[in-house]
Amino acid sequence: MKKVCLTIGMLLSLWRAGHAQSETTPPAYTKRKLTVEEVNLVSSYYQQDGNNSAVTGGIGTEKLTDIANGIDLVLKKTDVRNRQHTLAFDLNIDHYTSASSDKIDPLTISSASRSDTHIYPTVSWNVHDDTRRTTKGISFSYSTEYDYKSYGVNLNFAKASADNNREISLKAGAFFDTWSVILPAELRPEGYGSGAEGDRDPIDHKPRNSYNVGLSLSQVINKRLQVLLTVEPAYQEGLLSTPFHRIYFRDGSETVERLPGSRMKLPIGLRLHYFLGDRVVLRTFYRYYVDDWGMQAHTVNLEMPLKLTSFLSISPFYRYSHQSAVRYFAAYGQHSLTERYFTSDYDISEFTSQFMGSGLRVAPPGGVLGIGHWQSAEVRFGHYVRSTGMVANSITLLAKLK
């Protein structure tokens, strides 16, 4: 917590420093009222299947479907100092059904987590000052699901060079979660509740706090090449295991997942954008990840938007990722009673994955379907495969109105 306070303090200092810089020539004032700049609508459908559910100890169905809808409203105004203020309101609602979560309480018709709705709004405010070449902002977020609630705050600051070819940015965030400790039916102490609606028996609630900072440096190398380097360390503390994940030991006995109460993560990323001409852009991204649970990961992402006509473009993409397992992972029935921590969650096991697909975007001059304010529409399809056998597909529809 001390590190976070220091980071937030440093950000506030940078904010004030940027604010304190004096300019000898005040900019001309162009009054602009708060107006709606754009509205983005997103809908997606996702489905997955596999046979390594953590709820049933690393075996069993991972079938899941998720329908998500979101709306992003962006408003802008210019103040008396010619600074541009951007207010953004983001609301997302997901509804999912999970066959594996339904196994938390297999003796009932359906458990508390058979299906659920996830709601997560965000409000953000950014101020861009062309004269000082700075952008600073703050955002607040809230998230709720059947077994947790989360409150988050983020601060960001960016400063561009005099020629606007280089920019350094700093951000910091903190999220404060409260989790309901829902246990598998056969492992609940007498009088311990299920967490299901209508069950008056009590259950425990545990905190999980997450803190992150991010430093990025972007540079325009020439008119064709742009580079971005990011470093985003993060720290978590509290309940980091999932209490309804079962563990089966070699002797056949059973308990629930147990993981350390803290985790330090360090992702480092490098992004290159190369403009091959007026119609083609090659977007590449590499990320290295390491944490103190013993996991390392490498991810490479390639995307190549291609403009077919003045208003029609396609964006094929491909992502390859490999990660090692955390030191606490073992498959079903492979854990020893002498171990201090244990998990059979294949999300933190060793695997390789591939994600591929394409987007198709239309942005006709007169608006989509002749509707002037409907600036663009895009559909994206993605196919995901994991070496553990899990397969997923997703389709996303995006619409931008201005």
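Here are legends for a set of close-up views of a predicted model.

**View 1. The whole chain, mostly strands by count, with 1 helix and 20 strands.** The protein chain runs to 402 residues, and 39% of them count as buried. Take the contacts between residues at least 6 apart in sequence: 59% of those join residues at least 24 apart. The accessible surface adds up to about 21,700 Å², with 59% of that area belonging to carbon and sulfur atoms.

**View 2. The largest nonpolar core, built from 12 residues.** Three aromatic types turn up here, with Tyr148 and Tyr192, Trp179, and Phe244 in the set. The aliphatic members are Val55, Ile104, Val181, Ile182, Leu183, Ile203, Leu239 and Val256. Zoom in on valine 181 and you'll find it touching Tyr192, Ile203 and Leu239 from that core. Leaving aside residues up to four places away in sequence, valine 181 also touches Asp204, His205, Lys206 and Pro243. Another core lies apart from this one; it has 9 residues, including Met295, Ala297, Val326 and Ile348.

**View 3. A tilted tyrosine pair, Tyr142 with Tyr151.** The model has 10 aromatic pairs. In this one, the ring centres of tyrosine 142 and tyrosine 151 sit 5.1 Å apart and the planes meet at 45 degrees, so the pair is called tilted. Both angle and distance are quoted because a pair of aromatic rings is described by the distance of the centres and the angle of the planes. Tyrosine 142 is partly exposed at 25% relative accessibility. Tyrosine 151 is partly exposed too, with a relative accessible area of 48%.

**View 4. More ring company: an aromatic cluster and an arginine over a ring.** Trp293, Tyr328 and Tyr341 group together as one aromatic cluster. Elsewhere in the legend set's ring theme, arginine 386 lies over the face of phenylalanine 351, 4.2 Å from the ring centre.

**View 5. Arginine 133, a non-glycine residue with positive phi.** Most residues other than glycine have a negative phi. Arginine 133 has a phi of about 60 degrees instead. You'll find arginine 133 in the loop between strand S4 (115-129) and strand S5 (134-145). Its relative accessible area is 26%, so arginine 133 counts as partly exposed.

**View 6. Asparagine 164, also not a glycine and with a positive phi.** Here phi is again about 60 degrees. Asparagine 164 belongs to the loop between strand S6 (148-160) and strand S7 (166-180). With 53% relative accessibility, asparagine 164 makes it into the exposed class, because exposed means over 50%.

Technical notes: Residues numbered from 1 in each chain as written. Predicted model: local features only at pLDDT ≥ 70, side-chain atom pairs only at ≥ 80, totals over all residues. Heavy atoms only, no water. Core = buried A, V, L, I, M, F, W, Y, C linked by side-chain atoms within 4.5 Å. Buried < 20%, exposed > 50% of the residue type's maximum accessible area, 1.4 Å probe, protein only. Contact = heavy atoms within 4.5 Å. Helix = DSSP H or I, 4+ residues; strand = E, 2+ residues; numbered from the N terminus. Areas by Shrake-Rupley, 256 points an atom, 1.4 Å probe, with all protein chains shown as cover. Phe/Tyr/Trp six-rings, centres within 6.5 Å; stacked < 30°, edge-to-face > 60°. Lys NZ or Arg CZ within 6 Å of the ring centre and 35° of its normal.
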